[in-house]
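Please look at the sequence and the model shown below. The paragraphs after it go through the aromatic rings, then the nonpolar core and its surroundings.

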Amino acid sequence: MPILSGRSTSTVARPAMVLIGGAVFVGTLDLVFACGYWWLLHDVPPARIFQVIASGMLGRRSFDGGLASASLGLLLQFAI
């Protein structure tokens, strides 16, 4: 029976990496669905979706921020 304190770093880090990988995967699927749905059915460009996410932090100013606020929205999507 292995001693718990003798665990290698890889066995301890593995659950964390699986969790982070799963979060990135699900966050990406969420963005693909949202961008596809709003673009195909309502003609809303994907950058606007990212600006909507950024509006949680910036308010209405996010829609005037262009690529900068869209980038912030992308970052916030995965930070949330």
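Rings of Phe, Tyr and Trp, the last taken by its six-membered ring, count as a pair if their centres lie within 6.5 Å; planes under 30 degrees apart make the pair stacked, and planes over 60 degrees apart make it edge-to-face. The structure under discussion is a predicted model. By this rule, Phe 33, Tyr 37 and Trp 38 are linked into a cluster through ring pairs.

A search of the whole structure gives two aromatic pairs. One of them joins Phe 33 and Tyr 37, whose ring centres are 5.9 Å apart with 20 degrees between the planes, and this pair is stacked. Both residues belong to helix 1, which covers residues 9–42, and because they are four residues apart there, about one helical turn separates them. Tyr 37 also pairs with Trp 38: the centres are 5.3 Å apart and the planes stand at 90 degrees, so this pair is edge-to-face.

How buried or exposed is each member of the cluster? Phe 33 has a relative accessible area of 56%, so it is classed as exposed. Tyr 37, with 34%, is partly exposed. Trp 38 is partly exposed as well, with a relative accessibility of 38%.

The next topic is the nonpolar core. In soluble globular proteins, nonpolar side chains tend to be buried together. Here the largest nonpolar core is made up of six residues, namely Leu 31, Ala 34, Cys 35, Ile 49, Phe 50 and Ala 70. At least two residues of this core come from helix 1, and at least two from helix 2, which spans 46–58. Helix 1 supplies the largest share, three residues.

Phe 50, a member of this core, can be followed through its contacts. With neighbours within four places in sequence left aside, Phe 50 is in contact with Leu 31, Cys 35, Ser 69, Ala 70, Gly 73 and Leu 74. Among these partners, Leu 31, Cys 35 and Ala 70 are also members of the core.

Gln 51 lies in helix 2. Is this residue buried or exposed? Its relative accessibility is 8%, so Gln 51 counts as buried. Again leaving aside neighbours within four places in sequence, Gln 51 is in contact with Ser 62, Phe 63, Gly 66, Ser 69 and Ala 70. Ser 69 and Ala 70 appear in the contacts of Phe 50 too.

How values were computed:
Residues numbered from 1 in each chain as written. Predicted model: local features only at pLDDT ≥ 70, side-chain atom pairs only at ≥ 80, totals over all residues. Heavy atoms only, no water. Buried < 20%, exposed > 50% of the residue type's maximum accessible area, 1.4 Å probe, protein only. Core = buried A, V, L, I, M, F, W, Y, C linked by side-chain atoms within 4.5 Å. Contact = heavy atoms within 4.5 Å.
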